[in-house]
Amino acid sequence: MAKFRGAITVNEERCKGCNLCVAACPTGVLALQAREVNNRGYHYAYMANAEACIACMSCALVCPDACIEVYRVENK
């Protein structure tokens, strides 16, 4: 079993819903918010399947607006 799991934070107000992070995620962690929009009118990305995150940073690397921060969280 892995000694850590991944976690991300998305700056929801800066996200423009380009869907690049969703497509880049190898484990299907991210999705675009279907019903809610940010102040700019965009559907923003969020962690739909948090348990599957492996902290690979693919989402953060492809984000054109640097809205995503990736963390490693130690398993207890």
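Let's start with Asn38 and who it touches. If we skip its neighbours within four places in sequence, Asn38 is in contact with Glu12, Glu13, Cys15 and Tyr44. Keep in mind that what we're looking at is a predicted model. So where does Asn38 sit along the chain? You'll find Asn38 in the loop between strand 2 and strand 3, and strand 3 covers residues 45–47.

Now, is Asn38 buried or exposed? The relative accessible area of Asn38 is 5%, and buried means under 20%, so Asn38 goes down as buried. There's also a polar detail to zoom in on: a polar atom of the Asn38 side chain lies 2.7 Å from the backbone oxygen of Cys15. And Cys15, remember, is one of the residues on the contact list of Asn38.

Okay, slide along to Arg40. This residue is in the loop between strand 2 and strand 3 as well. With the same neighbours in sequence set aside, meaning those within four places, Arg40 is in contact with Glu13, Arg14 and Lys16. Take Lys16 for a second: Arg40 and Lys16 are 24 residues apart in sequence, and their C-alpha atoms are 7.9 Å apart in space. Which backbone oxygen lies 3.3 Å from a polar atom of the Arg40 side chain? That one belongs to Arg14. As for how covered Arg40 is, its relative accessibility is 46%, and since the partly exposed class runs between 20% and 50%, Arg40 counts as partly exposed.

One more from that loop: Gln33, which is also between strand 2 and strand 3. Gln33 has a relative accessible area of 18%, which is under the 20% cut-off, so Gln33 is buried. Beyond its neighbours within four places in sequence, Gln33 is in contact with His43, Tyr44 and Tyr46.

That takes us nicely to Tyr46, which sits in strand 3. What does Tyr46 touch, not counting neighbours within four places in sequence? Here the list is Val29, Leu30, Ala31, Leu32 and Gln33. Tyr46 has a relative accessibility of 30%, so it falls between the 20% and 50% cut-offs and counts as partly exposed. For a sense of distance, try Glu74: Tyr46 and Glu74 are 28 residues apart in sequence, and 21 Å apart in space from C-alpha to C-alpha.

Let's look back from the other side, at Ala31. It's in strand 2, residues 30–32. With neighbours within four places left out again, Ala31 is in contact with Val22, Tyr44, Ala45, Tyr46 and Ala48. Val62, on the other hand, is 31 residues from Ala31 along the chain, and the C-alpha atoms of the two are separated by 15 Å.

Next, a bit about backbone angles. Most residues other than glycine have a negative phi. Asn19 isn't a glycine, and still it has a positive phi of about 75°. You'll find Asn19 in the loop between strand 1, residues 4–10, and helix 1, residues 20–24. Its relative accessibility is 36%, between 20% and 50%, so Asn19 counts as partly exposed.

Ala55 also isn't a glycine, and it has a positive phi of about 60°. Ala55 is in the loop between strand 3 and helix 2, residues 58–62. Is Ala55 buried or exposed? At 7% relative accessibility it is under 20%, so Ala55 counts as buried.

Right, let's zoom out to the whole chain. How many helices and strands are there? We've got two helices and four strands. From the N terminus on, they run β-α-β-β-α-β. The radius of gyration is 12 Å, close to the 11 Å that the globule rule gives for 76 residues, so the chain is as compact as a globular protein of that length. Along its principal axes, the C-alpha trace spans about 40 × 20 × 20 Å.

What share of the 76 residues is buried? That's 26%. Now take the contacts between residues at least 6 apart in sequence: 63% of them join residues at least 24 apart.

Last stop, surface and charge. The accessible surface of the chain comes to about 5100 Å², and carbon and sulfur atoms account for 51% of it. There are 8 positive and 7 negative side chains, and the centres of those two sets lie 5 Å apart.

Notes
Residues numbered from 1 in each chain as written. Predicted model: local features only at pLDDT ≥ 70, side-chain atom pairs only at ≥ 80, totals over all residues. Heavy atoms only, no water. Contact = heavy atoms within 4.5 Å. Rg over C-alpha atoms; globule rule 2.2 N^0.38 Å. Buried < 20%, exposed > 50% of the residue type's maximum accessible area, 1.4 Å probe, protein only. Areas by Shrake-Rupley, 256 points an atom, 1.4 Å probe, with all protein chains shown as cover. Lys, Arg positive; Asp, Glu negative; His and termini not counted. Charge placed at Lys NZ, Arg CZ, Asp CG, Glu CD. Polar contact = N/O pair within 3.5 Å; in protein donor to acceptor, adjacent residues only side chain to side chain.
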